Every structure is written in C-alpha cells, then in structure tokens.
Amino acid sequence: MNLDLITRTAALVAVLGTAVVYGTDVFCAIVLRPALTLIDDPTLVAVMGHVHRYGDRRMPIPGAIGVVASAAAAVSAALAGHWPQATAAGAAVVLLLVWLVLYTRVSAPINRRLTSAAETGRPPANGRALQAQWDRIINARAMLQGLAVAALCVALAI
C-alpha cells in the first residue's frame with residue numbers, strides 16, 4: 001500500500017470520526033441549547049445529566065478515531081513529501097487538540113456534575129448556571145470541529 005493511499009484513507013476515516021462529534025456539537029448549539037431554556041431547572045439537570053452520561057461514554061470513540069486518523073494522515077502525507085496535505089491534516093490535529101482542551105477543562109467537569117445529579121435525583125441549586133457555563137463554549141467547540149472537518153476535506157481534495 002502506498003503512502004498516498006494511506007494518507008487518503010486516514011483522512012477519510014478522520015472526516016467520518018470528526019464529523020460525528022462536529023454534528024453533535026452543532027446540534028447542541030442550534031437545537032438543544034435554545035430548547036433547554038424552555039424547561040424547568042430539575043428537568044434540565046435530569047435531561048442533560050443523562051445525555052452526558054451516555055455521551056461521555058460513547059463520544060470518545062469517534063473523537064479518538066478522528067484525532068488518531070488525522071495524525072496518521074498528517075504523518076503519512078509528510079513522509080510522502082505531500083506538504084499541502086500534511087499541513088491540512090496537521091491543522092486538523094491542532095484544531096482537534098484545542099477542542100479536546102476545551103472539552104476536558106470546561107465541559108467534562110460540568111458533565112460529571114450534571115450526570116451525578118441526574119443519577120442521584122438531587123439537582124444542584126446552580127444547575128442552570130452549570131448549563132450556562134457549558135453553553136458558553138459550545139459554539140467554539142462546534143467551530144473547531146467544523147474547521148477540522150474542512151481541513152481534512154482539503155487534505156482529501158489535494
């Protein structure tokens with residue numbers, strides 16, 4: 001198998017994995033966030049706690065596939081001397097790592113608190129404020145994922 005085929009295959013797999021996370025973040029930004037403003041606080045905590053319970057268990061798989069495959073595409077393109085492809089895939093890796101920092105530092109701690117509250121049935125007094133903190137970075141998260149998908153598509157197209 002030649003490096004060009006490896007690069008393109010890795011970039012395609014990276015697009016598919018990253019697109020799952022991108023679509024989820026966009027859905028949260030444009031549908032879920034405004035919908036949550038219409039429900040009461042205990043319901044918000046229960047719904048989002050359970051959403052995060054499943055999301056935090058299942059979403060790392062496509063996310064990791066996206067990051068690893070992006071890195072593989074960047075490395076194989078660089079080894080083949082295809083610098084435009086390597087640059088595009090490398091940009092995707094950087095964007096995904098920035099997303100990961102935002103997720104681990106801001107979103108994940110909130111997710112754990114809401115999940116715990118939903119599982120115990122004891123919503124915190126600041127449940128809506130926690131959700132508002134989470135909401136503050138969802139647009140940035142969606143943008144980072146979208147730019148990563150675009151960079152990976154560039155890597156595929158050139």
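The following exercises, with worked solutions, concern a predicted model.

**Exercise 1. Determine whether the end-to-end distance of helix 3 agrees with its number of residues.**

Solution. Step 1: helix 3 covers residues 60-79 and has 20 residues. Step 2: the expected span is 1.5 Å times one less than the number of residues, which gives 28 Å for helix 3. Step 3: the end C-alpha atoms of helix 3 are 28 Å apart, so the two values agree. Step 4: just beyond helix 3, Gly81 adopts a positive phi of about 75°.

**Exercise 2. Identify the buried residues of helix 3 and the helices against which they pack.**

Solution. Step 1: a residue counts as buried when its relative accessible area is under 20%. Step 2: in helix 3 the buried residues are Pro62, Gly66, Ala69, Ser70, Ala73, Ala74, Ser76 and Ala77. Step 3: their packing partners are helix 1, helix 2 (41-58), helix 4 and helix 6 (138-157). Step 4: Thr7, a residue of helix 1, illustrates one such contact region. Thr7 has 1% relative accessibility and therefore counts as buried. Leaving aside residues up to four places away in sequence, Thr7 touches Ala73, Ser76, Ala77 and Gln85.

**Exercise 3. Locate the nonpolar surface patch and state which helices each supply at least two of its residues.**

Solution. Step 1: Leu3, Ile6, Val75 and Leu79 make up the patch, with an area of about 340 Å². Step 2: helix 1 (3-36) and helix 3 each contribute at least two residues. Step 3: Val75, for instance, belongs to helix 3.

**Exercise 4. Describe the geometry and setting of the aromatic pair in the structure.**

Solution. Step 1: a search of the whole structure yields 1 aromatic pair. Step 2: this pair consists of Trp99 and Tyr103, with 5.3 Å from centre to centre and 0° between the planes. Step 3: planes under 30 degrees apart count as stacked, and the Trp99–Tyr103 pair is accordingly stacked. Step 4: Trp99 and Tyr103 lie 4 residues apart in helix 4 (residues 83-120), which means that about one helical turn separates them. An α-helix has 3.6 residues a turn, so residues three or four places apart point the same way. Step 5: both Trp99 and Tyr103 are buried.

**Exercise 5. For each of the 3 salt bridges, establish the N to O distance, the helices involved and the exposure of the partners.**

Solution. Step 1: the side chains of Arg8 and Asp4 form a salt bridge at 3.5 Å, N to O. Both residues are in helix 1, 4 residues apart, or about one turn of the helix. Arg8, at 27% relative accessibility, counts as partly exposed, and Asp4 does so at 28%.

Step 2: Arg141 forms a salt bridge with Asp25, with 2.7 Å between the closest N and O atoms. Because Arg141 lies in helix 6 and Asp25 in helix 1, the pair ties together parts 116 residues apart in sequence. Arg141 and Asp25 are both buried.

Step 3: Asp41 and Arg128 meet through their side chains in a salt bridge of 2.6 Å, N to O. This pair links distant parts of the chain, with Asp41 in helix 2 and Arg128 in helix 5 (residues 127-136), 87 residues apart. Asp41 counts as partly exposed at 34% relative accessibility, and Arg128 counts as partly exposed at 29%.

Technical notes: Residues numbered from 1 in each chain as written. Predicted model: local features only at pLDDT ≥ 70, side-chain atom pairs only at ≥ 80, totals over all residues. Heavy atoms only, no water. Patch = residues over 30% accessible without salt bridge, like charges linked within 9 Å, V, L, I, M, F, W, Y side chains within 5 Å. Areas by Shrake-Rupley, 256 points an atom, 1.4 Å probe, with all protein chains shown as cover. Salt bridge = Lys/Arg side-chain N within 4 Å of Asp/Glu carboxyl O. Phe/Tyr/Trp six-rings, centres within 6.5 Å; stacked < 30°, edge-to-face > 60°. Buried < 20%, exposed > 50% of the residue type's maximum accessible area, 1.4 Å probe, protein only. Contact = heavy atoms within 4.5 Å.
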